[in-house]
Amino acid sequence: MKDFRLYAITGEQFHPGKSMLEVMEQAILGGTDIIQLRDKSGDLAKIRKKAAALRELTAQYGVTFIVNDYIDIALEVDADGVHLGQGDVPLTEARRKMGNKIIGISTHAIEEAIQAERDGADYIGVGPVFPTKTKLDVVAPVTVSYVQEVARTINIPFVAIGGIKLHNVDQVIKAGATRICAVSEIVGSEDIQRTCREFLSKLDTAKARE
Ligand code: 3NM
């Protein structure tokens, strides 16, 4: 997969009064490399529509588009890939359906990370690093020590997620993350482009120090 640094996920509850497409376009203009549609409403007709619209938007800008949970919808709209949780279909089965497309897996412990790498995930999510109210069914924060452990152990790209804000991202970068994902800090921001640029600049500064 194309490498990435900043990954933004939809979270419509954080921007009342603004359209999802408008918000995600701002994130793209701020330099976001991957956009994920995450919609837990269960309303498949609506999710399909949103996925098609986001596919069109991301294609315009050459940005990677991932659908959370729904392999069939990802395929239908020709998304670049799908993101799955630990409780979803096994990776081997997802791979059969997705072919060469991207498959990302959420992991919350090193055993899960190792297993996902072994099963052929293209990238893994590592979190929640900090407490978050965005994902309700998520495990307790894994802390930056899990980020460090993954950075030492795992060879596929990993993206840190969960409660990541401009004020605490330095700790995550210091622990070894070179890719960051955020929901509320990006989509709930007054100035989304600026927030994205600040995340990227912090990642760049860390890289320059390497
Ligand atoms: N997945 P925010 S944490 C969607 O740990 C998601 O797998 C997580 O939202 C995981 O940036 C999370 O607003 C929510 O905290 C991230």
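## Helix H1 and its surroundings

In this predicted model, helix H1 spans residues 20-29, and its buried positions are Val23, Met24, Glu25, Gln26, Ala27 and Ile28. The elements that cover these buried residues include two strands, E1 (6-9) and E2 (34-37). Helices H2 (44-61), H8 (184-187) and H9 (192-209) are also among the covering elements. After H1 comes Gly31, which has a positive phi, near 110°.

## Annotated domain and nonpolar core

The unreviewed UniProt entry lists residues 6-186 under "domain: Thiamine phosphate synthase/TenI". Over this range the chain is 40% helix and 18% strand. The C-alpha atoms at the two ends of the range lie 10 Å apart.

The largest nonpolar core comprises 60 residues. Within this core, Ala160, Val172 and Ile180 have the most contacts. Setting aside residues up to four places away in sequence, Val172 touches Val129, Val144, Val147, Ala160, Ile164, Ala177 and Ile180.

## Annotated binding-site residues

Asp69 and Asp88 are covered by the annotation "binding site" in the unreviewed UniProt entry. They are spread over 20 residues of sequence yet cluster in space, with a largest C-alpha distance of 7.4 Å.

Asp69 lies in the loop between strand E3 (64-68) and helix H3 (71-76). Because 18 C-beta neighbours fall inside 10 Å, Asp69 counts as partly exposed; the cut-off for a buried residue is 20 or more. Apart from neighbours within four places in sequence, Asp69 is in contact with Leu84 and Asp88. Asp88 is located in the loop between strand E4 (81-84) and helix H4 (91-98). Asp88 has 17 other C-beta atoms within 10 Å and is therefore partly exposed.

## Ligand shell

The ligand is surrounded by 18 residues, of which Gly127, Thr132, Thr134, Val183 and Ser184 come nearest. By residue class, the shell around the ligand contains seven nonpolar, eight polar and three charged residues.

## Confidence of the prediction

The protein chain has a mean pLDDT of 96, and 100% of its residues reach 70 or more. For the complex, the predictor gives an ipTM of 0.99 and a pTM of 0.97. Where pLDDT is low, predicted coordinates should not be read in detail.

Key. Residues numbered from 1 in each chain as written. Predicted model: local features only at pLDDT ≥ 70, side-chain atom pairs only at ≥ 80, totals over all residues. Near = placed C-beta within 6 Å. Nonpolar A, V, L, I, M, F, W, Y, C, P; charged D, E, K, R; others polar. UniProt positions renumbered as here; feature names shortened; annotations may be inferred. Helix = DSSP H or I, 4+ residues; strand = E, 2+ residues; numbered from the N terminus. Core = buried A, V, L, I, M, F, W, Y, C linked by C-beta atoms within 7 Å. Buried ≥ 20, exposed ≤ 12 C-beta atoms within 10 Å, placed from the backbone. Contact = placed C-beta atoms within 7 Å. pLDDT = per-residue confidence, 0-100.
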